[in-house]
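Student: I have a structure here and a list of labels for it. Can we go through what earns each label?

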Amino acid sequence: MKKILALLVTVFFLAACSKDDWDNRNPYLPEIAVNVPINTALPTYNKLQYPGNAVFIGGYGINGILVINTGTGIRAFDATCANHAVSSCSKLTLNGIEATCGCSEALVYNLYLGLPTTDAQFPLKEYRVSQSGTMITVYN
């Protein structure tokens, strides 16, 4: 009886485990590998140690990466408008805790949530973040 109970418990736990369902696909944005180490002890990224501060990091993702300290954690988004095909106007401009699209609609996104402040279909493309001491890693 104990063997059957142990087997059932094992099967239950294995069935409860699932693959990582974190999926953030957007038909406008291509999938690009991202792995960015950020040392917040460096002057360029020092403000990420304090809540409410955001930085733009170029050279990664599609048009760069926007990283914000929300006070409850670090979030990172691609600096590309999620509601347009990639073009010269789709690069986002950082304005405090918001990012603005350069295209004609000039969509504005809140970096605390990654959501547009007006009615739009897609949120910003978010990347995973891990933090250990003063090191932050943004990846997908």
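Tutor: Start with a cysteine. The model is predicted, and in it the sulfur of C101 has its closest cysteine sulfur in C81, 3.4 Å away.

Student: Why is the pair of C101 and C81 not called a disulfide?

Tutor: A disulfide needs sulfur atoms within 2.5 Å. The sulfur of C81 is 3.4 Å from that of C101, so this is too far for a bond.

Student: What makes C89 and C103 a disulfide?

Tutor: Their sulfur atoms are 2.0 Å apart. The cut-off is 2.5 Å, so C89 and C103 qualify. A search of the whole structure finds one disulfide.

Student: Why is this disulfide called right-handed?

Tutor: Look at the torsion about the S-S bond of C89 and C103. The torsion is about 80°, so the disulfide is right-handed.

Student: Which parts of the chain does the disulfide link?

Tutor: C89 sits in the loop between β4 and β5, and C103 in the loop between β6 and β7. The two cysteines are 14 residues apart.

Student: How do you know whether C103 is buried or exposed?

Tutor: Buried means under 20% relative accessible area. C103 has 7%, so C103 is buried. C89 has 27%, which lies between 20% and 50%, so C89 is partly exposed.

Student: And where do C81 and C101 fall?

Tutor: C81 has a relative accessible area of 0% and is buried. C101, at 2%, is buried too.

Student: Now the rings. What makes Y28 and F122 an aromatic pair?

Tutor: Ring centres must lie within 6.5 Å. Those of Y28 and F122 are 5.9 Å apart, so the rings pair.

Student: Why is the pair called edge-to-face?

Tutor: That label needs planes over 60 degrees apart. Here the angle is 90°, so the label fits.

Student: Why does this pair tie together separate parts of the chain?

Tutor: Y28 lies in the loop between α1 and β1, and F122 in the loop between β8 and β9, so the parts joined are 94 residues apart in sequence.

Student: Last, the sheet. What makes β4 and β9 paired strands?

Tutor: Pairing needs at least two bridges. β4 and β9 have two bridges, so they pair, in the antiparallel sense. In β9, E126 is the bridge partner of F77.

Student: Why do β1 and β2 count as edges?

Tutor: The order of the open sheet is β1-β10-β9-β4-β3-β2. β1 and β2 each have a single partner strand, so one side of each has no neighbour in the sheet.

Notes: Residues are numbered from 1 along each chain as its sequence is written. This is a predicted model: local features need pLDDT of at least 70, side-chain atom pairs count only at pLDDT 80 or more; totals for chains, interfaces and linings use all residues. Side-chain values use heavy atoms; hydrogens and water are left out. Helices (H or I, at least four residues) and strands (E, at least two) are DSSP runs, numbered from the N terminus. Rings of Phe, Tyr and Trp (its six-membered ring) pair if their centres lie within 6.5 Å; planes under 30 degrees apart count as stacked, over 60 as edge-to-face and the rest as tilted. Buried means under 20% relative accessible area, exposed over 50%, partly exposed in between (1.4 Å probe, protein chains only).
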